Every structure is written in C-alpha cells, then in structure tokens.
Number of protein chains: 2
Amino acid sequence: MELNLPESQSRSIRCIVKLGGAAITCKNELEKIHDENLEIVACQLRQAMTEGAAPSKVIGMDWSKRLGSSEISRDVDELGDQDSAEFSKFVVVHGAGSFGHFQASRSGVHKGGLEKPIVKAGFVATRISVTNLNLEIVRALAREGIPTIGMSPFSCGWLTSKRDVASADLSTVAKTIDSGFVPVLHGDAVLDNILGCTILSGDVIIRHLADHLKPEYVVFLTDVLGVYDRPPSEPDAVLLKEIAVGEDGSWEVVNPVLEHTDKRVQTSVAAHDTTGGMETKISEAAMIAKLGIDVYIVKAATTHSQRALNGELRDSVPQDWLGTIIRYSK
Amino acid sequence: MELNLPESQSRSIRCIVKLGGAAITCKNELEKIHDENLEIVACQLRQAMTEGAAPSKVIGMDWSKRLGSSEISRDVDELGDQDSAEFSKFVVVHGAGSFGHFQASRSGVHKGGLEKPIVKAGFVATRISVTNLNLEIVRALAREGIPTIGMSPFSCGWLTSKRDVASADLSTVAKTIDSGFVPVLHGDAVLDNILGCTILSGDVIIRHLADHLKPEYVVFLTDVLGVYDRPPSEPDAVLLKEIAVGEDGSWEVVNPVLEHTDKRVQTSVAAHDTTGGMETKISEAAMIAKLGIDVYIVKAATTHSQRALNGELRDSVPQDWLGTIIRYSK
C-alpha cells in the first residue's frame with residue numbers, strides 16, 4: 001500500500017472521533033441534520049480539546065452569511081489580539097446518515113461499474129450529498145471555535161482495491177494536524193482499482209487513520225448507548241460494557257458476564273445502509289483495539305460521550321458510565 | 001517540485017476552463033451566486049463537451065433535496081438504460097468572487113502567519129466560504145448532466161512555497177479525468193512552507209494544470225468582453241483582440257494595432273482582490289500561451305464564450321468574435 005507520511009516530532013494525536021451518521025442526522029428524513037445533537041457534539045468536542053481549560057470566549061470561525069441574512073457573522077469583530085486557545089490534536093470523521101445513502105443505494109455505487117450511466121450519475125450525486133453534509137459539520141464545529149478543515153477522502157487521494165484502502169495521502173492530513181487544525185473527513189464515494197468505484201465508509205477510514213496516526217483513543221458517537229447483545233429496540237437487550245479483543249483479532253464480551261454461551265452479539269443491518277451495520281462496526285473497532293488503542297462506543301450528546309471524549313475512561317471506568325469499551329487484552 | 005502524475009494512454013485534455021469569480025457571483029453582494037450566468041455557463045459547457053452531438057435528454061446528477069422541499073430530485077427516475085453521453089475531457093477551475101474574499105482580506109490569510117488567532121480563524125472561514133461556492137458550482141454543472149467532482153486544492157495536497165506551487169497531487173486529478181469525470185477545482189486557502197499559509201488563486205492553479213496536463217486550449221470566462229487597454233469602464237477603452245507572447249514570456253498587442261507606443265495595458269486591481277487583478281491574469285495567461293496553448297479571455301454566458309469553449313477559434317477567428325486571444329508566436 002502506498003503511504004506518504006512525514007515524520008513529525010510534534011504530532012501526538014489524542015483522539016479520533018467518529019460522528020455517526022445516525023447521531024448527527026435525522027435518519028428517517030432525507031438530508032436533514034440533527035442540529036441540536038450536532039451543536040452539543042461540537043460543544044463537547046471543544047471542551048475535550050481544550051482539556052477543561054478555563055472557558056474563554058468562543059471565537060466562531062464560520063464567517064459566512066447566515067441563511068436569509070445579508071450580514072456577515074459578528075464573530076470576526078471580536079477577534080482582536082485574543083490569545084489562541086490550545087487545542088489538543090483531534091481528527092474527526094463522520095458518517096453519512098440520511099445524506100448520500102439514498103443516492104448510493106439507488107445507483108449501486110458501492111458495487112462499482114462506472115461505465116453504467118446510473119452508477120456514474122449516482123457517484124456524482126453521492127459526492128454532492130456527502131460533501132454538503134461535510135460542509136455543514138465543518139461549519140457547526142467552526143462556529144464553536146474549533147479550527148476545522150473539511151477534507152474529502154476522494155480529493156485526498158483515497159483509493160480502494162476491492163473496497164480495501166489501497167492508497168491515501170495521509171501526509172496532507174498530518175500536515176493539517178501539525179498546523180493546528182482539526183481535519184474533518186467523511187465516508188465518501190471513491191475510485192476502486194478493481195470495481196471502478198465504491199463507497200469508503202467512515203469506519204474503514206477511522207481504522208486506517210488509527211493504524212497510521214496512533215491516537216491515544218478512538219470514540220464512536222452513535223444514537224444508542226453502545227453495543228447491545230441484540231437489537232437495542234428489543235426489551236431484554238443488554239448493553240455490553242466491555243469487549244476484550246485477543247491477539248488474533250477475535251473478541252468476547254467480558255462485562256457483563258453473559259449467561260448464554262454464544263457471546264457473539266446479534267446484529268442488524270439496515271437495508272439502506274450500504275456500508276454494513278453493527279457487525280462491521282465491531283470488527284473495525286476490534287482491529288483498532290488490537291493496535292492497543294482503546295475504543296469507546298457511546299451515545300452522542302450525553303454526559304457519557306463527554307467523559308469518553310475527555311479521555312476520562314483510560315485509567316478507570318466510573319460505575320455510572322454507560323457505553324461500550326473495546327480493549328486489547330493480551 | 002514534487003510531482004506524481006501517472007502516464008495515461010487515454011488522457012487528452014481538451015480544455016481547462018476558468019469560471020471567473022466576477023462572472024459567476026454577484027461581486028458586490030456577499031456570498032451571492034449569479035444563478036442566471038452560472039446556468040448558462042453550465043449549459044454552454046455541456047454543449048462544448050459533447051461537441052455539438054445531437055442533443056439528448058439531459059440527465060441531472062444532483063439528486064439532493066431542493067431547498068424548501070422534502071423531495072428528492074426527479075432526475076433519478078429517468079436514468080433507466082440510457083446511453084452514457086460521451087464527454088470530451090475538460091477541467092474546471094473557479095475563482096472566489098464574493099465568496100472567500102471578505103474572509104481572506106479581513107484576516108490577512110494571504111500574508112501568512114497561522115500562529116495569529118485571526119489568521120487561523122480566517123483560514124477556516126475562507127475555506128468554508130470557498131468550499132461552499134465549490135459545492136454550488138458542482139451542483140449547477142451536475143444538474144446540467146456534467147459528471148462533476150469537486151476537488152479542493154487544500155485536500156488535494158496543493159502546497160505553496162512563498163505563494164508558488166511547491167507540490168500538488170495531480171495524480172488524483174488525472175485519475176478523476178481518466179474515469180470520465182470533470183474535476184472542479186477552485187482558488188483556496190492553502191498551507192505555505194515559508195509563510196505558514198496563503199491564498200492560492202485559481203489563475204495560478206490553471207497555469208500549473210496547463211503545464212502538466214497540456215490541454216488543447218484554455219478559456220477564461222470573465223464579466224467583461226476581454227482584456228482592454230485601460231479599465232473597461234473608461235469611454236475610450238479598446239478591446240485587445242490578440243496578444244502575442246514571445247519566447248521570453250514578454251507579450252505585446254498585435255490586434256488592434258495601437259497608436260500609442262506603450263503597448264502594455266493599464267491595469268486596475270480591486271482593493272479587495274487578494275490574488276491580484278488583470279496584470280496577474282495576463283501574466284498567467286502569457287505563461288500558458290508560452291507552452292503553445294491558446295488562451296481565450298471572453299465574457300461568460302455570451303455567444304462569444306460558447307465559440308471559445310467549443311474550440312472554434314483554433315484555426316481561424318471569425319470577424320464578429322469578441323474577446324482576447326493570447327497566443328505564442330515564435
């Protein structure tokens with residue numbers, strides 16, 4: 001695999017965060033952002049990045065005209081000689097939720113075949129939808145004073161070979177981080193050496209980034225408390241608080257102790273989810289944990305997500321914390 | 001300079017087009033697209049790319065929800081087994097116009113100094129504004145059935161060294177073209193090895209692309225008929241129809257024959273234009289012409305721009321064509 005990653009003395013990535021599509025968009029409404037969740041997520045991210053430093057005034061970095069207004073944002077007038085807040089190094093990756101999925105599944109972009117007019121058109125339509133979401137997320141984080149930079153995997157040279165990452169220009173991501181910015185990547189339609197094209201999911205991007213950037217921990221923000229032993233809508237669903245990953249990549253639930261012998265969780269894959277469901281998520285998370293990096297799967301915009309983002313779970317997990325920890329255990 | 005450009009048997013770029021910021025945005029109204037011009041430009045581009053083929057039904061590729069509607073575009077239902085239109089290879093680069101300029105000039109992003117909070121915030125704000133414009137242009141061209149792919153220079157690894165292009169991942173641009181797409185790049189805020197950051201103008205991007213992709217011709221779409229001998233608002237301004245570029249890069253007006261001896265044109269640089277005005281444009285165009293590539297500077301959304309985009313001016317220039325041709329003359 002091609003890799004072009006400059007050494008940096010200063011780079012020490014604290015956290016890679018996945019903003020799950022289900023958490024930041026209204027999954028059942030086409031191309032609708034969950035504004036309330038996104039605003040809380042942005043605020044929690046800023047708090048985590050500034051490590052609880054005395055809350056200074058937030059300087060918004062989205063100076064665009066507001067919809068329906070001809071005025072520029074006021075943030076720009078407040079910048080003066082303000083000290084720059086120190087942000088620890090985060091990378092954000094988001095899913096598509098109700099953006100892109102319709103376009104991708106309607107046209108079959110994930111199956112490839114760019115020579116077909118519908119696939120080619122669907123590829124263009126998918127990218128328009130997901131880059132639109134990316135822009136809105138970048139703006140939401142920038143309004144919260146986080147120096148975000150939207151980076152589309154397609155443009156960053158991410159290519160796949162039968163859906164596995166074949167190459168990616170991580171050097172631009174690394175330079176962006178080293179310059180004090182927070183890159184915001186996303187699940188994207190990309191070119192594939194074998195299939196012609198496919199969908200590169202946010203989860204695969206995270207695994208690849210984790211492998212090469214070696215963050216201290218990875219947080220998946222979702223719309224449920226964590227991983228359950230069966231679909232969480234079922235009445236007896238049990239939240240899995242800790243999953244241990246072995247050297248061979250296999251994983252088992254260690255907390256709570258489950259009574260039935262089959263410790264593998266049941267999974268459900270939504271029909272319109274072109275990038276796999278919970279099974280994919282756990283497999284990807286297990287591969288990250290195998291690198292010695294803690295993975296927290298937690299409900300977005302809760303006190304639990306704030307603690308996970310803060311890194312409070314690294315040494316000991318509070319009794320009242322709800323979520324799923326996936327850890328390497330030799 | 002780093003360069004990573006794979007050989008391609010099939011690649012033969014017909015044209016690189018600059019959509020000038022003044023032509024596609026309302027220059028005096030903040031972040032406002034000139035919808036009418038943009039629609040005509042998109043239509044002319046499609047006609048030029050399909051080389052006057054019998055007009056087939058346009059299949060829109062923007063399937064996003066329309067503003068204020070909860071419905072997806074209808075285009076998707078009309079795709080059936082439609083034949084794919086053959087598009088000749090174009091690359092589109094657009095300027096910023098009333099997007100980005102305010103954010104960049106207010107914060108001094110072009111002068112560098114990322115350690116200053118206002119520059120860092122302005123960098124983020126500028127990128128938000130120009131990527132917003134990029135998305136809208138990609139959508140407008142996709143609605144017209146052009147398989148467009150937005151590509152931000154920042155994300156594509158364009159780096160400068162004291163404002164000169166130091167590196168750029170042209171391999172992704174080339175692969176995008178080879179896959180049958182039309183890349184849409186734009187003037188962007190980028191990292192600079194010396195200054196920390198700066199503004200990379202669309203004109204500099206075009207020169208760099210022309211140098212490496214060797215298109216048959218380059219078209220600059222602007223808001224005036226072409227290059228004049230003085231600001232076009234002045235009553236006696238004369239449209240320069242042909243400028244000849246010598247081996248040493250110097251240029252002179254050959255049509256019309258100007259009476260006064262100083263053949264260099266007067267130039268005006270708008271105060272808010274952080275990337276230079278007409279002088280920069282002619283210099284960049286002259287450098288492209290020196291490569292043996294014809295450059296046409298023409299008013300967008302006119303019959304003159306359609307002819308230039310079609311490539312009708314390569315052999316002989318019709319008497320009634322209005323615009324500026326910049327050509328290499330040995």
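**Exercise 1. Determine how many cavities of 30 Å³ or more the whole structure holds, and describe the largest cavity.**

*Solution.* Step 1: fix the term. On a 1 Å grid over the protein atoms alone, a cavity is a set of points where a 1.4 Å probe fits but cannot get out, and its lining residues have an atom within 4 Å of a point. Grid points are joined across faces, edges and corners, and a volume is the space filled by probe spheres set on the points.

Step 2: count. The search of the whole structure yields two cavities of 30 Å³ or more. The structure is a predicted model, in which local features need pLDDT of at least 70, side-chain atom pairs count only at pLDDT 80 or more, and totals for chains, interfaces and linings use all residues. Residues are numbered from 1 along each chain as its sequence is written, chains are lettered from A in the order in which they are written, and side-chain values use heavy atoms, with hydrogens and water left out.

Step 3: describe the largest cavity. Its volume is about 320 Å³. It is lined by 26 residues, of which A:Thr131, A:Asn134, A:Ser152, B:Thr131 and B:Ser152 are the closest to its centre.

Step 4: sort the lining. It comprises 11 nonpolar, 13 polar and two charged residues. Here Ala, Val, Leu, Ile, Met, Phe, Trp, Tyr, Cys and Pro count as nonpolar, Asp, Glu, Lys and Arg as charged, and the others, Gly among them, as polar.

**Exercise 2. State which residues line the second largest cavity.**

*Solution.* Step 1: the space in this cavity is about 50 Å³. Step 2: chain A supplies A:Thr172 and A:Lys175, while chain B supplies B:Phe154, B:Gly157, B:Trp158, B:Leu159 and B:Leu191. Step 3: four of these lining residues are nonpolar, two are polar and one is charged.

**Exercise 3. Establish how chain B is related to chain A.**

*Solution.* Step 1: superpose the copies by least squares on the C-alpha atoms of residues with pLDDT of at least 70 in both. A turn of 180° and a shift of 0.0 Å along the axis lay chain B on chain A with an RMSD of 0.0 Å. Step 2: the two copies are therefore related as by a two-fold rotation axis. Step 3: compare the contact residues (contact means heavy atoms within 4.5 Å). The same surface serves both copies, as 98% of the contact residues of chain B recur in chain A.

Key. On a 1 Å grid over the protein atoms alone, a cavity is a set of points where a 1.4 Å probe fits but cannot get out, and a pocket is an open set with protein on both sides within 12 Å along at least five of seven lines; lining residues have an atom within 4 Å of a point.
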